[in-house]
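Here is a friendly walk through one protein model, written to be read with the coordinates open beside you. Have a look at the structure, then follow along helix by helix.

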Amino acid sequence: ITFMVDFDEFFFVNILFFIVLVAIFICDRTSYLFFGYSFFICLIVNFLFCKSDIRNNIATFLFYTIIAVILYSTHKIIIPDYLGLTGPEGGVGTDDCRYYAQLVNGQVPYDITFNFFDSLPFSLFLKFCLPFEIDTPLNVAIFNVLGICFLPYLTSRLLLEFTSSKKTANDGYLLVLLCPFTTYYGCIIMRDMWIASAVLLGLLLFIRKRYFGLSLTILFICFIRFGSIVFLMLSILVMIRERMLVSNKNRTKANINFFCFIMLVLGLFCAFFPIISILSEGRLEEGLIRLSFVDYLKTDDENALIVKILNLPFPLNILLTSVFFFFLPFLKFDIYTLGFFNIGNVLKAVFTPVFFFPYWKYLIFSIVKYLKGKDEQVRPFFLISLCLAVALGTISLQARHKTVLIPFMCMLFAYGKNNYHGSYCLFSFTIATGIVMFELVYAFF
């Protein structure tokens, strides 16, 4: 997979490297040490595990580092009291102000209005990985880029496993690389892209039957955000069904075997639920039910679309919340929050929907082609996308958790783009046009 310029294979990487050095010199020279350290880790991981795509992965790391510097500088100009972080949690900003406060032992100029010990494992992980004294949020944000810089590569590897098409894999790489939604959360101090990358890595390791690495990945996800293990387990369950369908020519028998397997898994889960609940210190129940977060959504804005959907009768609310999270984020032009320019909203609620507009027809085409039984290559990442959307709409309910679904949507985009021909094109285009029109009406009216 390659998207580098032909006349000099290192030219693009050199240009990005030079831009990073100049940007850090202008914005925060204390970050040179952290950039060098993170760049070295990126090189080591590439040489050990993905040598064939080292140029692309290094270019990706440098690209995201540039975005991290831009976001840091913008935030610092807009809300200087928050040192380049996104701003007060629950208002303009998000959890990065919590993580940074934990990293510097509360020595911050802004008020700590949150539970200081919430989400502490991620901060402990960052502290373990960063052996230097932290002076600014950019120091940490540059290292945190490692959580997203391999996500395009992992997406392309999974596409190759499913489709054996290098062109499709290359398109998937670029779509994930340029997606504004994942880029934003990967270039500030957040754990979401570490989780997304770990889910894709775990799935790839399962497909390749590297179970020791899979076990380490599961432990990492459980430590960083316990409830997110659901995303990986659902993805693996889909692949277990795929294996059963491949190994058993009788589809009905394979589905019966898979149903029995699911019943066994549920039985074991129920049997060990008390033990898991104790080990998770109550995080398991909160992660599965999310009652407190539902109450927060209802008190925060009772007129919000998600709240209206949650108030619908069961099972209509489950169905529509899953659809809601599949198509999230919706186009909105609320670029100011509490009087501050919110660059996060610009990237998430303006750039991301517009970025997706041209690709909805390819996603619809992929789904229709699978439902019509014309191509089973698309089946794994369609079913995984479906399961993740349901999980997001039931046990997650947080928009930023969609970072784990977007790579699989990009797989559907890339597959549809490279197979877009035949009798379903007009239908797909019509449905996609309806989606875009709905977004425009939702944004303006």
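## Helix α11 and its surroundings

Let us begin with helix α11, residues 211-224: its 14 residues should span 20 Å at 1.5 Å a residue, and its end C-alpha atoms are indeed 20 Å apart, so expectation and model agree. Please keep in mind that this is a predicted model.

Which residues of α11 are buried? They are Leu 214, Thr 217, Ile 221 and Ile 224. These residues cover an arc of only 95° around the axis, which puts them on the same side of α11. The general background is familiar: an α-helix has 3.6 residues a turn, so residues three or four places apart point the same way. On the face of α11 turned away from the buried side sit the exposed residues Phe 212 and Leu 219. The buried residues of α11 pack against three helices, namely α5 (120-129), α10 (192-207) and α12 (229-247).

## Helix α1

Now move to helix α1, residues 11-27. With 17 residues, α1 reaches 24 Å from its first C-alpha to its last, close to the 24 Å expected at 1.5 Å a residue. The buried residues here are Val 13, Leu 16, Val 20, Ala 23 and Ile 24. Seen down the axis of α1, they fall within an arc of 95°, so they line one face of the helix. Their packing partners are α2 (31-49), α3 (54-78) and α6 (137-144). Turned away from that buried side, α1 carries the exposed residues Phe 18 and Ile 26.

The table puts the two helices next to each other.

| Helix | Number of residues | End-to-end C-alpha distance |
|---|---|---|
| α1 (residues 11-27) | 17 residues | 24 Å |
| α11 (residues 211-224) | 14 residues | 20 Å |

## Leu 234 and the cysteines

Helix α12, one of the packing partners of α11, contains Leu 234. Is Leu 234 buried, partly exposed or exposed? Leu 234 is partly exposed, with a relative accessible area of 23%. Leaving aside neighbours within four places in sequence, Leu 234 is in contact with Cys 387 and Ala 391. Pro 80, by contrast, lies 154 residues from Leu 234 in sequence and 42 Å from it in space, C-alpha to C-alpha.

Cys 387 leads to the question of how many disulfides the structure holds. The structure has zero. Cys 27 is in no disulfide, and the nearest cysteine sulfur, that of Cys 187, is 14 Å away. For Cys 387, the closest cysteine sulfur is in Cys 260, at 18 Å, which is too far for a bond. Both residues have some access to the surface: Cys 27 is partly exposed with a relative accessible area of 28%, and Cys 387 is partly exposed with 27%.

## The whole protein

Stepping back, the protein has 22 helices and two strands. What radius of gyration would a compact globule of 445 residues have? The value would be near 22 Å, and the protein has 22 Å, which agrees. Along its principal axes, the C-alpha trace spans about 65 × 55 × 50 Å.

Of the 445 residues, 54% count as buried. The accessible surface comes to about 20,500 Å², and carbon and sulfur atoms account for 68% of that surface. Among contacts between residues at least 6 apart in sequence, 69% join residues at least 24 apart.

How values were computed. Residues are numbered from 1 along each chain as its sequence is written. This is a predicted model: local features need pLDDT of at least 70, side-chain atom pairs count only at pLDDT 80 or more; totals for chains, interfaces and linings use all residues. Side-chain values use heavy atoms; hydrogens and water are left out. Helices (H or I, at least four residues) and strands (E, at least two) are DSSP runs, numbered from the N terminus. The expected span of a helix is 1.5 Å times one less than its number of residues. Buried means under 20% relative accessible area, exposed over 50%, partly exposed in between (1.4 Å probe, protein chains only). The arc is that of the directions from the helix axis to the C-beta atoms. Contact means heavy atoms within 4.5 Å. The radius of gyration is taken over C-alpha atoms; the globule rule is 2.2 Å times the number of residues to the power 0.38. Accessible areas come from the Shrake-Rupley method with a 1.4 Å probe; for residues, only the protein chains shown count as cover. A disulfide is a pair of cysteine sulfur atoms within 2.5 Å.
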